[in-house]
Structure formats: structure tokens, C-alpha cells
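Got the viewer open? Load the model, colour it however you like, and keep the selection box handy for a short walk around.

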Amino acid sequence: MKNQLSELRDQAESDTLTAFASSANLEVGRGVVRLEAEALSQLADHIDESFATAVEMILGCRQRVIVSGMGKSGHVARKIAATLAATGTPALFIHAAEAAHGDVGMISAGDVLIVFSNSGATLEVQPLCIYAKAIGCPVIGVSRNPNSLLMRTADLGLSLPIVEEACTSSLAPTTSSTMMLALGDALAVAAMRARGLSGPDIRALHPGGEIGLNLRSVEDVMHSGDRLPLVGLKTPMPDVLVTMTEKRLGIAGVVDEQGQLVGIITDGDLRRNARNIVFGAAADVMTAAPRTIPRTARVQDALELMNTHRITVLFIVDQGRPSIPLGVVQIYDIVSPTPTSFVP
């Protein structure tokens, strides 16, 4: 009995300690996020005309924007170079330490150099800045210390507000690197919008992945030609079933004598009109006025339309001939076989 009581007491103490530790971890996590969110709010208020000048320098760059830094600032710089490139600004990351050992050869007079350094006193970035200045490459410095060597050397300085780091003793870059990341994103997006880049432009820069897929036109993914399952209004239902089976899309579009789309037959229509399957015609089973989408619409637009109207298929039409079916697209053509964004 004593052993059982002791075990129960130990278990209760362990459960209490675990709950306490979990609560403490949650509080720390929320505190870090709140601190960094406040820092970003201060950064937004801190942005001034220097930011606009930096955007103009990026827009006026004849070749590439070179981005560099060391440590956590270097990791941020690499990401910002990727973001610039993905939003229409040719960009390249150079490791500050490697730059002093030959990689400065990647920089030319037609480039713009952006250097990230929290303290502004990082030794490894100095040779890079000196070389850039020597060949006439403008330098933009980003630091929390406006009087640092980097900011004095740079042609333009973008200062960060001085805020507390989220880590213990305010040592490891956390809040400061978050602000750098946000500032770099702001530069990239401002330059993108100034250039007037639109969906098709961004699509060209993201040919793969979900972004590339969603920005493609529905014409790129539609079933057309011999794959298009079309039947007439008077087509007997047994023949409709043959067409649906052969085309293997689970639907049939119903057209009138002029070839205009007037209805659609789905598996659901077959179940709801079982009595007409043997002796009826397509007109007796179809759902009239099916949803359509223009051939120039994006895949993302098609998915949103399907979700809104709780359907899984759309006929593709030409904007000049909105009643003539050109193709058909199913939800399985634009999302995975087990979509998470579609509500059945």
C-alpha cells in the first residue's frame, strides 16, 4: 500500500511539473512573437525617405542587385536575394567572407550592393564594401547603428530601430534579424509594384510548385479535342453513358444544334434521374446552365469558383463565344487527389 501511495504521489508531482513546464514554454513562445511583432510595428513607423531612395536605386540598377551579410544577417541576405529575384529584380547572394577571397569578382559597376549587418561593424563586410566603392558600385547598408562603419561607408543607409532581442540577455539576433527580413521583403515588393509586375509576370518566375500551377491559365490544364465529352440534347442516355465511359471524366456536356453548351450530366445527375437512364435522352437528365470559366482564367480562379459553388468540374469557354465549350477541367487536374482546400 505504501509503495502504491508513493508511486501515485510521484506521478502527481511529475504531472504537475510537466504541466508547469508546458505552460512556461507557451508563455515564452507567445512573448517572443509579441516582442517581434512590436518590433515590426516600430520598423514600419521608422521607414523614411531613405527607403524610397533605396527602391529607386534598385529600379535604376543596370545589372543585378548583390546582397551580402555574415552570420544571421547573411542568412537573411540570402533569402532577400531569392525574394528579389522571384519578384522581378535580378539578384545574387555573395557570402561576405568568401568575397574577400575572390568572390568580389562577381560584382561589377552596373550592380547595386545591399549589405546587412546588425551592428554595422562586422569586419568581413568591409573589404566587400571597399571593393564595391572602388569600382563604382553603389552600396546600401542596413544596420541598427546609423553611426557604424558600414553606414558611414555606404552610399545610402537604412537604419533599423533599436529594440530588445527576444533571446536571453539580448545577444542572439532574433528580433533584429526579423526586422531585416521584413525590410528586405518591403524593398522587393516595392520594386516589384513600381515595375508594374502582374500575375503572368510572377508566373514566369515561378514555373514550378504551387505558385506556378495556380497562376497558369485553365487552358494549360484543360481536357480538349477528342477528350471533350459532348453529346446532343436528343442523344439517348445509353449513348451518353458510353461517351462518359469512353472519355473517362465522369461527366458529359450537352450542346444544342448550334454547338452551344446548354447542360451538363454528372454522376449525381445519373443517380437523381435513374428512371430516365434507359429510355430518356440527355435533355431529360442534364442540369441546365452549367458553370463555365474563360480560357484565359487562372487555375487559382477555377479552384475558387469550384469551392464557392461546391462543384468539381468546369467547362472552359472562349470569352468571344461564351456558349461554345472548348474544354473541361476537373478539380483533380489542379489539386492533389485528396484536396484539403475543397469542401465536398
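Start by selecting helix 3 and look for its buried residues: Ser73, Gly74, Val76, Ala77, Ile80, Ala81, Thr83, Leu84 and Ala86. Buried here means under 20% relative accessible area, exposed means over 50%, and partly exposed is in between, with a 1.4 Å probe and protein chains only. Helices (H or I, at least four residues) and strands (E, at least two) are DSSP runs, numbered from the N terminus. An α-helix has 3.6 residues a turn, so residues three or four places apart point the same way.

A word on what you are looking at: this is a predicted model, where local features need pLDDT of at least 70, side-chain atom pairs count only at pLDDT 80 or more, and totals for chains, interfaces and linings use all residues. Residues are numbered from 1 along each chain as its sequence is written, and side-chain values use heavy atoms, with hydrogens and water left out.

Stay on helix 3 and check its ends. The helix has 16 residues and reaches 23 Å from its first C-alpha to its last, close to the 22 Å expected at 1.5 Å a residue; the expected span is 1.5 Å times one less than the number of residues. Just after helix 3, click glycine 88, which takes a positive phi of about 100 degrees.

Now zoom in on serine 73, part of helix 3 (residues 71–86). Is serine 73 buried or exposed? Its relative accessible area is 9%, so serine 73 counts as buried. Show what surrounds serine 73: leaving out residues up to four places away in sequence, it touches Phe116, Ser117, Asn118 and Met180. A contact means heavy atoms within 4.5 Å.

Met180 is your link to the next stop, as it is among the buried residues of helix 7. Others in that group include Thr175, Ser176, Leu183, Gly184 and Leu187. Select the whole of helix 7: at 1.5 Å a residue its 21 residues should span 30 Å, and the end C-alpha atoms are 31 Å apart, which agrees. Glycine 196 follows helix 7, and its phi is positive, near 75 degrees.

Go back to the loop between strand 5 (156–159) and helix 7 (175–195), and pick isoleucine 162. With 66% relative accessibility, isoleucine 162 counts as exposed. Draw a distance from its C-alpha to that of threonine 175: the two are 13 residues apart along the chain and separated by 9.8 Å.

Next, some loops further along. Glycine 225 sits between strand 6 (223–224) and strand 7 (230–232), and its 54% relative accessibility makes it exposed. Add glycine 327 to the selection: the pair are 102 residues apart along the chain, yet their C-alpha atoms are separated by 7.4 Å.

Try lysine 234 too, in the loop between strand 7 and helix 10. Lysine 234 is exposed, at 74% relative accessible area. Which partner should you pick for lysine 234? Take alanine 282, 48 residues apart in sequence and 5.9 Å apart in space, C-alpha to C-alpha.

Two arginines are worth a click for their backbone. Arginine 248 has a positive phi of about 60 degrees although it is not a glycine; look for it between helix 10 (237–247) and strand 8 (251–255). Arginine 310 has a positive phi as well, near 55 degrees, and lies in the loop between helix 14 (299–309) and strand 12 (313–318). Arginine 248 is exposed at 71%, and arginine 310 is exposed at 53%.

For the last close-up, select Ile264, Thr266, Ile311, Thr312 and Val313. Of the 18 residues lining the largest pocket, these lie nearest its centre. On a 1 Å grid over the protein atoms alone, a pocket is an open set of points where a 1.4 Å probe fits, with protein on both sides within 12 Å along at least five of seven lines; lining residues have an atom within 4 Å of a point. Helix 11 gives the most to the lining, with three residues.

Finally, zoom out. The chain holds 14 helices and 13 strands, and buried residues make up 39% of its 344 residues.
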